[in-house]
Amino acid sequence: MTLQQRVDSDLKDAMRAKNTTKLGVLRMLKSALKYAAIAKSGAEAELSEAEAAQVIRKQVKQRQDSIESFEKGGRAELVEKEKEELAILNGYLPQPMSAEEISKIVRETISEAGATSRAQMGAVMKALQTKVAGRVDCKALSAEVSRQLS
């Protein structure tokens with residue numbers, strides 16, 4: 001089952017269960033996925049799993065930014081709402097890699113690329129992007145590459 005099919009199925013389940021929070025999040029997610037597909041190549045386009053995961057990550061980032069803003073503004077009720085939505089969205093993301101897995105794959109990619117200095121960090125990051133396919137935050141990945149190339 002693709003990610004988009006899973007969202008559709010869970011959307012129907014949320015309707016049946018009358019779970020308004022989950023229903024709202026899944027409707028928004030379905031809309032974002034459809035919009036991304038249309039932007040990619042027309043109304044009948046389908047997103048790949050990696051592209052769909054990228055759309056979900058974008059939605060997660062929006063929720064994290066909202067949580068931060070609401071905390072600064074002292075809006076506890078909105079923080080809780082955003083955290084609920086964030087938890088629902090995180091359920092659709094691929095399992096993140098552990099620190100050990102990140103370190104290992106970075107080490108392997110550095111040796112494959114033959115990188116010896118930070119000047120070659122771009123080539124290593126490009127190779128890593130295809131390998132990790134969105135299972136790692138880019139900031140964490142960049143920090144690990146930088147640490148190992150130092």
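Here is a walk through this predicted model, from the overall fold down to single residues and charged pairs.

Some housekeeping comes before the tour. Because the model is predicted, local features need pLDDT of at least 70 and side-chain atom pairs count only at pLDDT 80 or more, while totals for chains, interfaces and linings use all residues. Residues are numbered from 1 along each chain as its sequence is written, and side-chain values use heavy atoms, with hydrogens and water left out.

Let's start with the whole chain. Its secondary structure comes to seven helices and zero strands, where helices (H or I, at least four residues) and strands (E, at least two) are DSSP runs, numbered from the N terminus. The C-alpha atoms fill a box of roughly 55 × 45 × 25 Å, taken along the principal axes. Of the 150 residues, 33% count as buried; buried means under 20% relative accessible area, exposed means over 50%, and partly exposed is in between, with a 1.4 Å probe and protein chains only. The accessible surface comes to about 9300 Å², and 53% of that belongs to carbon and sulfur atoms; these areas come from the Shrake-Rupley method with a 1.4 Å probe, and for residues only the protein chains shown count as cover. Take the contacts (heavy atoms within 4.5 Å) between residues at least 6 apart in sequence: 55% of them join residues at least 24 apart.

Now for the inside. In soluble globular proteins, nonpolar side chains tend to be buried together. A nonpolar core here is a set of buried Ala, Val, Leu, Ile, Met, Phe, Trp, Tyr and Cys residues joined through side-chain atoms within 4.5 Å. The largest such core has 23 residues, and Val7, Leu26, Leu29, Leu33, Ile56 and Tyr92 touch the most other members. Helix 1, helix 2, helix 3 (49–73) and helix 4 (76–90) are the elements that give it two or more residues, with helix 2 supplying the largest share, seven residues. Val7 is a good place to look: leaving aside residues up to four places away in sequence, Val7 touches Leu26, Leu29, Lys30, Leu33 and Tyr92. There is also a second, separate core of 15 residues, which includes Ile102, Ala115, Val132 and Val145.

Asp10, in helix 1, touches Leu26 and Tyr92, again not counting residues up to four places away in sequence. Asp10 is buried yet has no salt bridge, and the nearest side chain of opposite charge, Arg6, is 4.1 Å away. For the charges, Lys and Arg count as positive and Asp and Glu as negative, while His and the chain ends are not counted. A salt bridge needs a side-chain nitrogen of Lys or Arg within 4 Å of a carboxyl oxygen of Asp or Glu.

Follow helix 1 (3–17) to the loop before helix 2 (20–41) and you reach Lys18. The phi of Lys18 is near 55°, a positive value in a residue other than glycine. Most residues other than glycine have a negative phi. Lys18 is exposed, with a relative accessible area of 68%.

Further along sits helix 5 (residues 99–113), home to Glu100. Helix 5 has 15 residues and reaches 21 Å from its first C-alpha to its last, close to the 21 Å expected at 1.5 Å a residue; the expected span is 1.5 Å times one less than the number of residues. Its buried residues are Ile102, Ser103, Ile105, Val106, Thr109 and Ile110, and they pack against helix 6 (121–132) and helix 7 (138–149). Glu100, by contrast, is exposed at 60% relative accessible area. Helix 5 is followed by Gly114, whose phi is positive, near 70°.

Finally, the charged pairs: the structure holds eleven salt bridges. One of them joins Lys61 and Asp65 (3.0 Å, N to O), both in helix 3 and four residues apart, about one turn of the helix. Another joins Glu82 and Arg63 (3.5 Å, N to O). Glu82 lies in helix 4 and Arg63 in helix 3, so this pair ties together parts that are 19 residues apart in sequence. Glu82 is buried, with a relative accessible area of 10%, and Arg63 counts as buried at 9%. Both belong to a network of salt bridges that links Arg63, Lys81, Glu82 and Glu85. Elsewhere, Glu112 forms a salt bridge with Lys131, the closest N and O atoms being 2.7 Å apart. That pair links distant parts of the chain, with Glu112 in helix 5 and Lys131 in helix 6, 19 residues apart.
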